[in-house]
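Student: I would like a close look at a single part of this model. Please keep it brisk and tie the pieces together.

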Amino acid sequence: MAFFSLSRTQPLTLHSSGDLVSENDRLSAACRQLGQAVTSHAVVDQAIGAVVVLGQVPPEEAWRALRDVSQRTNIKLRTIAEHVLAFAQGTDLPEPVRAELQLAITRYSRTTL
């Protein structure tokens with residue numbers, strides 16, 4: 001069975017059912033990736049807020065501090081953000097993260113954890 005699609009760049013295109021399944025799979029994967037990116041962004045934004053409060057630094061400096069910790073510990077930024085949020089709720093920070101976060105906040109302000 002063949003299907004036709006219309007677009008502004010290609011007025012009439014013939015697609016097989018296999019083409020449509022492939023396109024649906026591609027779009028589903030892209031949608032999942034976008035959903036993960038939105039969730040990850042929200043976690044990082046919340047961690048920036050926590051560092052602003054805990055380190056008494058402006059948001060731009062909190063972002064730099066989180067980025068520095070991620071780069072220096074070779075841990076994904078989202079994972080660092082999750083650790084910081086857990087710390088803000090009363091758990092301990094893993095030692096390498098705690099040490100690097102303290103150094104990063106020191107670099108960007110006079111206040112330390």
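Student: Start with Gln-56: is it buried or exposed, and what is its relative accessible area? Then take me through the helices around it.

Tutor: A word of caution comes before the details: this is a predicted model.

Gln-56 is exposed, and its relative accessible area is 57%. The cut-off for calling a residue exposed is over 50%, so Gln-56 qualifies. Its place is the loop that links α1 to α2 (59-73). The backbone there deserves a look. Gln-56 is not a glycine, yet its phi is positive, at about 50°.

Asn-74 is worth reading alongside it. Asn-74 sits in the loop between α2 and α3. It too is not a glycine, and its phi is positive at about 60°. Asn-74 is exposed, with a relative accessible area of 72%.

Now place these loops in the whole chain. The chain contains four helices and two strands. Read from the N terminus, the order is β-β-α-α-α-α. The chain has 113 residues, and 25% of them count as buried. About 7800 Å² of the chain is exposed, with carbon and sulfur atoms supplying 57% of that area. Consider next the contacts between residues at least 6 apart in sequence. Of these, 44% join residues at least 24 apart.

Go back to α1, on one side of the Gln-56 loop. Ile-48 belongs to this helix. Ile-48 is buried, at a relative accessible area of 12%. The cut-off for buried is under 20%, so Ile-48 meets it. Leaving out residues up to four places away in sequence, Ile-48 touches Pro-59, Ala-62, Trp-63 and Leu-66. Take Ala-62 from that set. Ile-48 and Ala-62 are 14 residues apart in sequence, but their C-alpha atoms are 5.4 Å apart in space.

α1 also meets α3. Helix α1 covers residues 17-55 and helix α3 covers residues 77-88. Their axes come within 8 Å and cross at roughly 50°. The two helices are therefore oblique to each other. The crossing of α1 past α3 is left-handed. On the α1 side, the contact is made by Gln-36, Thr-39, Ser-40, Val-43, Val-44, Gln-46, Ala-47, Ala-50, Val-51 and Leu-54. On the α3 side, it is made by Leu-77, Arg-78, Ala-81, Glu-82, Val-84, Leu-85, Phe-87 and Ala-88. By class, this contact has twelve nonpolar, four polar and two charged residues.

Next comes the other side of the Asn-74 loop, where α2 packs on α3. The axes of α2 and α3 are 9 Å apart, and the packing angle is about 115°. This crossing is right-handed. From α2, the residues in contact are Trp-63, Leu-66, Arg-67, Val-69, Ser-70 and Thr-73. They meet Leu-77, Ile-80 and Val-84 of α3. The classes here are six nonpolar, two polar and one charged.

Some residues link these contacts. Leu-77 and Val-84 of α3 take part in the contact with α1, and they also meet α2. Trp-63 and Leu-66 of α2 meet α3, and Ile-48 touches both of them.

To close, return to the loops. Gln-56 is exposed in the loop between α1 and α2. Asn-74 is exposed in the loop between α2 and α3. Ile-48, in α1, is buried.

How values were computed: Residues numbered from 1 in each chain as written. Predicted model: local features only at pLDDT ≥ 70, side-chain atom pairs only at ≥ 80, totals over all residues. Heavy atoms only, no water. Axes fitted to C-alpha atoms, helices over the stretch in contact; angles between N-to-C directions. Parallel < 35°, antiparallel > 145°, perpendicular 65-115°, else oblique. Left-handed = near helix turned anticlockwise from the far one by under 90°. Contact = heavy atoms within 4.5 Å. Nonpolar A, V, L, I, M, F, W, Y, C, P; charged D, E, K, R; others polar. Buried < 20%, exposed > 50% of the residue type's maximum accessible area, 1.4 Å probe, protein only. Areas by Shrake-Rupley, 256 points an atom, 1.4 Å probe, with all protein chains shown as cover.
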